[in-house]
Amino acid sequence: MASKPTLFLILNRIVFILSLLTFTAAAYPPEYDSLVARAVVDSLDIDQFKAFDKGLADLGGREYGTQSNSQARQWLQNKLEDLGYNNIELQSNYQNVYCTKLGSISPDSMYIVSAHYDGMPVAEAANDDASGCALVLEGARVFANPLIKTHYSIRFILWNAEEKGLLGAKAYVDEREPYQGSAEPVWLGMIQHDMILYDHGLPPQPTQVAGTDIDVEYQANSQAAAKSLALAEELFDGCEAYASDYPADIGTRMSNTDSDPFKNYIAAVSIRENERLAEIGQGADPTWHTQYDEYDYFSDEDWLLGFNCVQMTIGTICRLAGVYDSTPVSIEIPHTNIQKQPVLSTIAKEIKIFDTLGRKIAEHHGSCNWLQYYKGLKNRKVLPAGLYIIQMIDTKDNSKYRFLQAVN
Ligand SMILES: [Zn+2]
């Protein structure tokens, strides 16, 4: 086999060149997005989550039309303002409260993260639904960081008059649905949270049960069922990735909450401690609309379940809304035998993408997150499998970079 050494040499050479390519591509780790999502989830705080719940619970039952309800509305506006939002709005006759984290690349498309701030007048409505509101506020808190950017917008909505028949959410859909893409951003998906603290099994046990989980429900009998299932699956995956203690389960009978009016238009799911019809409706939660729905009734384990819902939703929203960190990053190159790469920042001034024959495939002028741009092209199959040369001008120091990225 005289030819073997030559062949071996060629193969060796190819492997060497491939290793160079791999190194170049790794100058910007592909998992960077999930690293940012991880950092955002790590900045969530269970004590903040509990404090938000307590703030609302202290105002009483918040029944629609009462003074307690008006106080809650004012309290929510103040909180969102304290967090740094200057675009808080009151919507419809029911006075839903919302603010929006504006996307940096596609601000006119948004995800909705929501809960209802009204409650039943029998107690503090700490679980139904101050717990969901606390999730929304904790999400709004971490996304208020101006260095955390998202591709798409995220609207944090606190509905009113849910207990009167989903009136606030219905009014929002009636007033805004027809104007998507003009006066209203396009709705990409809607995640409602309603009672997220208490899973003690059915019949309910004194303490949390071993099989405790988070119930993500969509409505199989709706026009957007396929999209809603896809959103539920994203949340299921997000739970695995980001929730510290509890798994998620997907159900098909979303019911009796503010995601309902959205279900025939867009992906819409509800997140709860239990399935609404088969469990809560059958007595799984003794605090539901009773005098026990008070802040002090819930145990550390109950709060931990609620906080896992926060981790799941916010981690998933990071992925869906395309979170990135606009802080200039420095990436250490572990190789020592190769000349050090200059450090890229996230935002490019200009991007051009060529195939390996040097033919230009795409370009973008103006400030843009280059990785999001690249991924967008990949997802839209503008870039089929292969190697591409990315050429970009860094906003930080105006230096020009060329490197290879592989599309699998
Ligand atoms: Zn509720």
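Where is the place of Q95? Here are some notes to help you find your way around; keep in mind that this is a predicted model.

1. Start with Q95. This residue sits in the loop that runs between β1 (89–91) and β2 (96–101). Its backbone deserves a look: Q95 is not a glycine, yet its phi is positive, at about 60°. As for its surroundings, Q95 has 19 C-beta neighbours inside 10 Å, and because a residue needs 20 or more to be buried, Q95 counts as partly exposed.

2. Next, go to H289, another non-glycine residue with a positive phi, in this case near 60°. You'll find H289 in the loop between β9 (268–272) and α8 (300–320). Is H289 buried or partly exposed? It is partly exposed, since 16 other C-beta atoms lie within 10 Å of H289.

3. Then there's helix α9, which covers residues 370–379. Which residues of α9 are buried? They are W370, L371, Q372, Y373 and Y374. Just past the helix, have a look at K381, which follows α9 and has a positive phi near 65°.

4. Two cis peptide bonds are worth checking by eye. One joins D128 and D129, with omega about 10°. D129 belongs to the loop between β3 (106–116) and α5 (130–143). No proline is named in that pair, D128 and D129, so do zoom in on it.

5. The other cis bond links L202 to P203, and here omega is about 0°. P203 is in the loop that connects β6 (186–193) with β7 (214–217).

6. Last, a helix pair. Two packed helices are described by the angle between their axes and the distance between the axes. For α3 (residues 46–57) and α8, the angle is about 105° and the axes are 10 Å apart. That angle makes α3 roughly perpendicular to α8, because anything from 65 to 115 degrees falls in that class.

7. Which residues meet where α3 packs on α8? From α3 come I46, F49 and K50, and from α8 come W303, G306, F307 and V310. Sorted by class, this contact has five nonpolar residues, one polar and one charged. The charged one is K50, since Lys counts as charged, and the polar one is G306, since Gly is put among the polar residues.

How values were computed:
Residues are numbered from 1 along each chain as its sequence is written. This is a predicted model: local features need pLDDT of at least 70, side-chain atom pairs count only at pLDDT 80 or more; totals for chains, interfaces and linings use all residues. Helices (H or I, at least four residues) and strands (E, at least two) are DSSP runs, numbered from the N terminus. A residue is buried if 20 or more other C-beta atoms lie within 10 Å of its own, exposed if 12 or fewer, and partly exposed in between; C-beta atoms are placed from the backbone. Axes are lines fitted to C-alpha atoms, for helices over the stretch in contact, and angles run from 0 to 180 degrees between N-to-C directions. Angles under 35 degrees count as roughly parallel, over 145 as roughly antiparallel, 65 to 115 as roughly perpendicular and the rest as oblique. Two residues are in contact if their C-beta atoms, placed from the backbone, lie within 7 Å.
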